[in-house]
Amino acid sequence: MTGTLPTVDAVKKQAKELRSALEKDGQTVSHGHALELIAHQHGYRDWNTFRAAIDERPPETWTKGTRVTGHYLSQPIEAEIIAIEAIRPGWVRVTLDLDQPVDVVTFDSFSAYRKRVTGNIGPAGQSQERTSNGRPQLDLTLLD
């Protein structure tokens with residue numbers, strides 16, 4: 001599978017161009033078959049799997065330097081993305097520089113503050129990992 005996935009519109013355009021090229025060689029294929037061939041070129045078993053991977057991409061506006069808001073360990077945060085890395089389709093590892101440090105310990109007589117955190121988030125901006133109260137450990141939204 002390729003690292004950067006094209007948009008759905010780009011893939012449909014590729015399929016149309018492939019159909020035209022094949023027709024010039026005397027081969028007629030349906031648009032659906034052309035989409036399947038493009039999916040195979042990107043390392044996916046079929047068009048549906050490829051389309052799902054494209055749809056699960058994180059927003060392209062999530063880049064280094066982007067400002068976000070949300071929650072880390074159920075505490076409100078605002079931060080800047082200082083590093084971002086694709087780890088699988090739709091999922092990225094982000095490193096955040098928090099505007100204000102958060103206490104990551106809930107024990108009354110001890111504190112541990114963090115200003116920089118790293119976590120894996122999916123297409124909805126949430127981590128799979130959960131806190132003891134069931135909330136995502138990391139839940140992000142782009143700041144306007």
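**A tour of the five-stranded sheet**

Select Val 68 to begin: this residue stands opposite Ala 79 in strand E2. Strands here are DSSP runs of E of at least two residues, numbered from the N terminus, and two strands pair if DSSP finds at least two bridges between them. The model is a predicted one, in which local features need pLDDT of at least 70 and side-chain atom pairs count only at pLDDT 80 or more, while totals for chains, interfaces and linings use all residues. Residues are numbered from 1 along each chain as its sequence is written, and side-chain values use heavy atoms, with hydrogens and water left out.

Next, select residues 67–72 and 75–88, which are strands E1 and E2; their antiparallel pairing extends over 6 bridges. Between the two strands of this hairpin lie 2 residues, and Leu 73 adopts a positive phi near 50 degrees.

Continue from E2 to E3, an antiparallel pair joined by 8 bridges. A convenient marker is Ile 84, whose bridge partner in E3 is Val 94. Strand E3 comprises residues 91–103 and is linked to E4, again in the antiparallel sense, by 8 bridges. To locate that pairing, select Val 102 and its bridge partner in E4, Arg 114.

Now display the whole sheet. This open sheet has 5 strands in the order E4-E3-E2-E1-E5, with antiparallel pairing. Strands E4 (113–121) and E5 (138–142) stand at the edges with a single partner strand each, so one side of each has no neighbour in the sheet. On average, neighbouring strands of the sheet are turned by 35 degrees against each other, direction ignored; the axes are lines fitted to C-alpha atoms, and angles as defined run from 0 to 180 degrees between N-to-C directions.

Move then to the loop between E4 and E5, where Thr 131 lies. Thr 131 counts as buried because its relative accessibility is 16%; buried means under 20% relative accessible area, exposed over 50%, and partly exposed in between, with a 1.4 Å probe and protein chains only. Not counting residues up to four places away in sequence, Thr 131 touches Leu 73, Ser 74, Pro 136 and Gln 137, where contact means heavy atoms within 4.5 Å.

Finally, select Gly 134, which is found in the loop between E4 and E5. With 44% relative accessibility, Gly 134 counts as partly exposed. For a last view, add Asp 25: its C-alpha atom is separated by 58 Å from that of Gly 134, and the two residues are 109 residues apart along the chain.

Methods
Helix = DSSP H or I, 4+ residues; strand = E, 2+ residues; numbered from the N terminus.
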